[in-house]
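Work through the exercises below with the sequence and the model side by side. Try each task before you read its solution.

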Amino acid sequence: MEKINLAYFGEKFKDLQSSNPDAFLSRIRQKGFDNFTGKGIPTHKNEEWKYSALNVGDLFKKEYQLTGVEKDFNITKADIDEMRLPGFENANELVFVNGKYVPGLSSIRTSSEHLVILPLEEAENGIYKDIVKENLGKSAIFINDGIHALNTSFIYGGVFILAVKKQIIENPVFLYHVSDARDNHILAQPRSLVFVDERAKLQMVETYKTIGPMDSFTNEVAEVVVERDAIFEHYKIQNDKAAASQVGTTHVRQVGKSHAHTLVISLNGDTIRNNTNIIMEAEGNEAHMYGLYLLKGKTHVDNHTLVDNKMPNCFSNELYKGVIDDNATGVFSGRIFVRPDAQKTNAYQTNNNILLSEKASANSKPQLEIYADDVKCSHGCTVGRLDEEALFYLQTRGISKEHAQAMLLQAYAASIVEQIKIEPLREYAEQLISERLSD
């Protein structure tokens, strides 16, 4: 177990339990804290963390401030203006400050008859309490480590999002995660529960910003439930400063025959770990998962995916691509389970990496565990250099080596970026990537 300051976390935990004694949440938090103190921070002996345990362990050597129930903060609308995503005028904007949802800084544009957005505590004590109690915390069954348990230990100030039955939500939901690190290192732990009801459609986008000279660490858990004939799209753009780290879990349960679409773009930060889980609990589910990481400096990005096929006739496709330069590290670990009842499963997984320097590194671990005999599954990975022949060809046409390299990498990334279905966001991602490749 990595050595951590249990006394500090224990004091903060007791403060939260006493100031927010809600019976249901208290039980969930207590179970999480027991798990956290028992397991601690993952080490290299934990197979799921073998490539990232050292990085995450180093994060906990810093004196982070963990915010409690207090609502005092100095973030203003002007601060949010600087991180707004293109298309925000037509989006529902949810602002989190140091991990806590702040309704006063948020802008809800969709009618509550179509989209319900509430503080998690309010939802748990109101008419949606059955949905919350039935679905909150289910991700712990699949991610049983101390980092995830730490988030559960401090559930407070989260958000509940419900796409109402039969409603196609035209306005996407933008989540802005702000860490106010002007005076202290900040440990933020956002929590969200998203319920996409039958025949509804919801698009969700997340982005992150650290304000101030100190370090930030965002430890996030988003649990999503997708009902029959519903569509859920999730996009995450990670382009924070070099001293910002993240561990994020997006846990999607397709409880009815439905469609899920996830995409994460990682450009800048210190240590980043993305857990993306798709749990197919109904027959005929479909899921698409995409990732792109363009890394420089000492950035470390670890993408962990899980597709758990429990029922027959499901389809999933994963494509993750990396471009790694300088001393950066990219990690991909993807696991596909096909349970005995999941006959006629089609599941595909690909991870491709391009190394641009001698010190850059990529670790890829695609995995299949198949317990059914009538399936079509494949996985594969590549790690290599940029195509020298293509680079030479462009140079013979009068294009500089730097420009030629940028052109080839832009084309390489295009197959991921074109999967962003929100046009202003896609154009924004193309711009970010173009700027990164021209640095």
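The exercises cover a sheet, a helix, a loop residue and some aromatic rings.

This is a predicted model, in which local features need pLDDT of at least 70 and side-chain atom pairs count only at pLDDT 80 or more, while totals for chains, interfaces and linings use all residues. Residues are numbered from 1 along each chain as its sequence is written, and side-chain values use heavy atoms, with hydrogens and water left out.

**Exercise 1. Trace the open sheet and find its edge strands.**

Solution.
- Start with the terms. Strands (E, at least two residues) and helices (H or I, at least four) are DSSP runs, numbered from the N terminus. Two strands pair if DSSP finds at least two bridges between them.
- Now read the order. The open sheet has 10 strands, S3-S2-S6-S9-S11-S13-S15-S17-S19-S21, and its pairing is mixed.
- Check the ends. S3 (100-101) and S21 each pair on one side only, which makes them the edge strands.
- Add the helix. H9 (residues 401-417) packs on the sheet and touches S13 (259-268), S15, S17 and S19. Contact means heavy atoms within 4.5 Å. The direction of H9 makes about 150° with that of S17. Axes are lines fitted to C-alpha atoms, for helices over the stretch in contact, and angles run from 0 to 180 degrees between N-to-C directions.

**Exercise 2. Find the bridge partners of Asn353 in S17 and S21.**

Solution.
- Take S17 (residues 315-324). This strand runs parallel to S19, joined by 10 bridges. Gly322 stands opposite Asn353.
- Take S21 (residues 376-384). S19 and S21 are parallel too, with nine bridges. Here Asn353 has Val383 as its partner.
- Look at the cover. Seven of the 10 residues of S19 (residues 346-355) are buried. Buried means under 20% relative accessible area, exposed over 50%, and partly exposed in between (1.4 Å probe, protein chains only).

**Exercise 3. Is Ile155 buried or exposed?**

Solution.
- Place the residue. Ile155 lies in the loop between H7 (146-153) and S5 (159-163).
- Apply the cut-off. Ile155 has a relative accessible area of 1%, so this residue is buried.
- List contacts beyond four places in sequence. Among them are Leu16, Leu25, Leu120 and Arg191.
- Turn to H7. Eight of its eight residues are buried, so H7 is largely enclosed by the rest of the structure.
- Find the cap. Asp145 caps the N-terminal end of H7, with a side-chain oxygen 3.0 Å from the backbone nitrogen of Ile147.

**Exercise 4. Classify the ring pairs Phe9–Phe60 and Tyr320–Phe332.**

Solution.
- Recall the rule. Rings of Phe, Tyr and Trp (its six-membered ring) pair if their centres lie within 6.5 Å; planes under 30 degrees apart count as stacked, over 60 as edge-to-face and the rest as tilted.
- Count the pairs. The structure holds 13 aromatic pairs.
- Test Phe9 and Phe60. Their centres are 6.4 Å apart and their planes are at 55°, so the pair is tilted. Phe9 is in H1 (residues 6-19), and Phe60 is in the loop between H3 (53-59) and S1 (64-66), 51 residues apart. Both are buried.
- Test Tyr320 and Phe332. With 5.1 Å centre to centre and 40° between the planes, this pair is tilted. Tyr320 is in S17 and Phe332 in S18 (residues 329-338).

Conventions:
A polar contact is a pair of N or O atoms within 3.5 Å; within protein, one must be able to donate a hydrogen and the other to accept it, and residues adjacent in sequence count only if both atoms are side-chain atoms.
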